[in-house]
Structures are given as structure tokens and as C-alpha cells.
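This report describes selected features of a protein model, moving from its interior to its surface. The reader is invited to keep the structure in view while following the text.

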Amino acid sequence: MNETIVYFPGCLASRKFPGFDYSTRFILQKLNIEFKMSDEFSCCPDPVWVRSLSYKEWKERGIRNLEIAKNLGSKLVTICNGCFETLFTVKKTFFNGKSIPVEHLLYTLWKNKKEEIKNKIINPLNGKRFGIHEGCHFKRPTSLTLTEFKELKEVNVLKEMVELLGAEAVEGTESCCGLPNFITDKELSFFLARKRIDEFKNVDGIVVICPSCFSQFENVLANDKREIPVYFYFELLAYSLGLDKENLGFEFHRIKPFSI
């Protein structure tokens, strides 16, 4: 993997949960992945709320972000499911396949860096048991993603990447976290989140790869006064690769993580 990627952290990772962004930069450096960023990027924008409000705004901002990215590197990589869906869909729909490739970082690392990660683990998560939640938009729209990322039909990438760190990955259904319903029906949104959370029994936490899913689960758990920590996968990976706990950004979590 000798290329310069364009790292697109997205709004939540760079502003609300800076530990996500910090952990990701540590991972990229640790794995010797060259990357560039741009202060010119705007919100992706969101593939549900913004797209519903103004398809024109959603399309034009997505196109603008991809135009910026294609001058910086050979592939755009993000750590947010929503950013992935928007930018991948805009690329496939409006660029006729001629724009920069778009991937979620989890897929990029699974495809290219599993052995290197395995060999560089300093802090294994042996004995930990995590519920795993990929989130809907990791594969959406499936009519487009499953033709380009064919392995996703057969492989649970998050499960393999959690197990790579030494932990047990507990699968559930592929149900939604409920966040897209929050604006129109908060009660339904929280009901869906609780239903998903309750799929995981006797776990040390829930692992997600989307900042929006993370925020939704934490809000519901804090509202219900339940002490089930939620982890962003790239925090755990950074820790396993040697990042100090103090720099993981756990102070931005509403449910404080147990010791890892």
C-alpha cells in the first residue's frame, strides 16, 4: 500500500470527539501510511438529514469535497459511515467512476494491513468481550457498495478486526442504531437504540465504527443511567498499537470506559 491517502475525518470526529481523530492519525503514522488533509473540506454532508432537506446542497457539497480530494492523493478514506455513504454515492452517481476512490478506513486496513497490525500489537485486548455494531451506512447503498466491495457480502469486517486485537466479538442483528429517526420521532429513535443495545449480553462494551452510532448509543445509555461503555474501534486499535490511555480521548465519553 504505497500511496498517499486523503484522510477525511468528518465533523463529529474532528470537533465533537477529537480522540477519534487523534487515534486515527496515530494509527496512520504507526502503520506508515502517508496521508494528507485539507482545511477546505466542508461537512460531507449528512446522507439522511441534509439530503432530505436539500438534495441540491447535498450533491454540490459532496462534489466539492471530492474535487478537493482528487488533487491531494490517490484515495479518500474516512472514519465515518455517513461521510462514506455520501462521498461514495456522489462519486458513483455524478462522476461516472472517474473520481478518486472512496473507502471507509476499517475496510482499507482490513484489506491491506491485517498482518502488519497483528505484528505491531503492543497492548492486546485478550479476555475482553465486545458487542459489535457496524452501522447501516457502512454498506449503503448496497446496490453500489456490494458491486465495488464484493467481500462485504460474505465477511463481517468489524468482527475480524476486533478479533485481530485479541478480543471476542459478539455479533447481533444488523439493526439500525435509530439516530436517523431522532428529529422526527425521538421516542422511536431511543426505542430502536435500546433494542439494539439489549442484543448484547455480558459484554465489556459495544464497539462501533461510526461517530453518529457512538453518539446515539451513549446518549441513550446515559439517559437510562446504564454503565455500558461504547468504544470507537479506532480508539481500541490505537491503544493496541501503543497509544497511551491518557491520549485516547476517553474524557469526551459520556459513559466512562472500564480499564482496558
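## Interior, pockets and surface

L76 is located in strand β3, which covers residues 75-78. The structure is a predicted model. L76 has a relative accessibility of 0%, and because buried means under 20% relative accessible area, L76 counts as buried. Although L76 and E103 are 27 residues apart along the chain, their C-alpha atoms are separated by 6.4 Å.

E103 also belongs to the lining of the largest cavity, together with F84, H104, Y107, F138, F149 and L152. The volume of this largest cavity is about 40 Å³. By class, its lining holds five nonpolar residues, one polar residue and one charged residue.

The largest pocket contains about 520 Å³ of space. It is lined by 31 residues, of which L12, D46, W49, L179 and S212 are the closest to its centre. Which helix provides the largest share of this lining? That share, six residues, comes from α11. At least two lining residues are supplied by each of α1 (11-16), α5 (81-94) and α11 (211-223). The lining of the largest pocket divides into 20 nonpolar, nine polar and two charged residues.

W49 appears again on the surface, where W49, F182 and I183 make a nonpolar patch of about 290 Å². Within this patch, I183 lies in the loop between β6 (168-170) and α10 (186-197). Is I183 buried or exposed? I183 counts as exposed, because its relative accessibility is 59%.

The backbone also has features that deserve attention. Two peptide bonds that precede a proline are listed in the table.

| Peptide bond | Form and omega | Place of the proline |
|---|---|---|
| C44 to P45 | cis, near -5 degrees | P45: loop between β2 (34-36) and α3 (49-53) |
| R140 to P141 | cis, near -10 degrees | P141: loop between β5 (129-133) and α8 (142-148) |

Positive phi values form a further topic. N32 is not a glycine, yet its phi is positive, at about 55 degrees. This residue, N32, is found in the loop between α2 (18-30) and β2. With a relative accessibility of 57%, N32 counts as exposed. K225 is likewise a residue other than glycine with a positive phi, near 55 degrees. The place of K225 is the loop between α11 and β8 (230-232). K225 has a relative accessible area of 73% and is therefore exposed.

Definitions and conventions. Residues numbered from 1 in each chain as written. Predicted model: local features only at pLDDT ≥ 70, side-chain atom pairs only at ≥ 80, totals over all residues. Heavy atoms only, no water. Patch = residues over 30% accessible without salt bridge, like charges linked within 9 Å, V, L, I, M, F, W, Y side chains within 5 Å. Areas by Shrake-Rupley, 256 points an atom, 1.4 Å probe, with all protein chains shown as cover. Salt bridge = Lys/Arg side-chain N within 4 Å of Asp/Glu carboxyl O. Helix = DSSP H or I, 4+ residues; strand = E, 2+ residues; numbered from the N terminus. Buried < 20%, exposed > 50% of the residue type's maximum accessible area, 1.4 Å probe, protein only. 1 Å grid on protein atoms, 1.4 Å probe; cavity = no way out; pocket = protein on both sides within 12 Å on 5 of 7 lines; lining within 4 Å. Points joined across faces, edges and corners; volume = space filled by probe spheres on them. Nonpolar A, V, L, I, M, F, W, Y, C, P; charged D, E, K, R; others polar.
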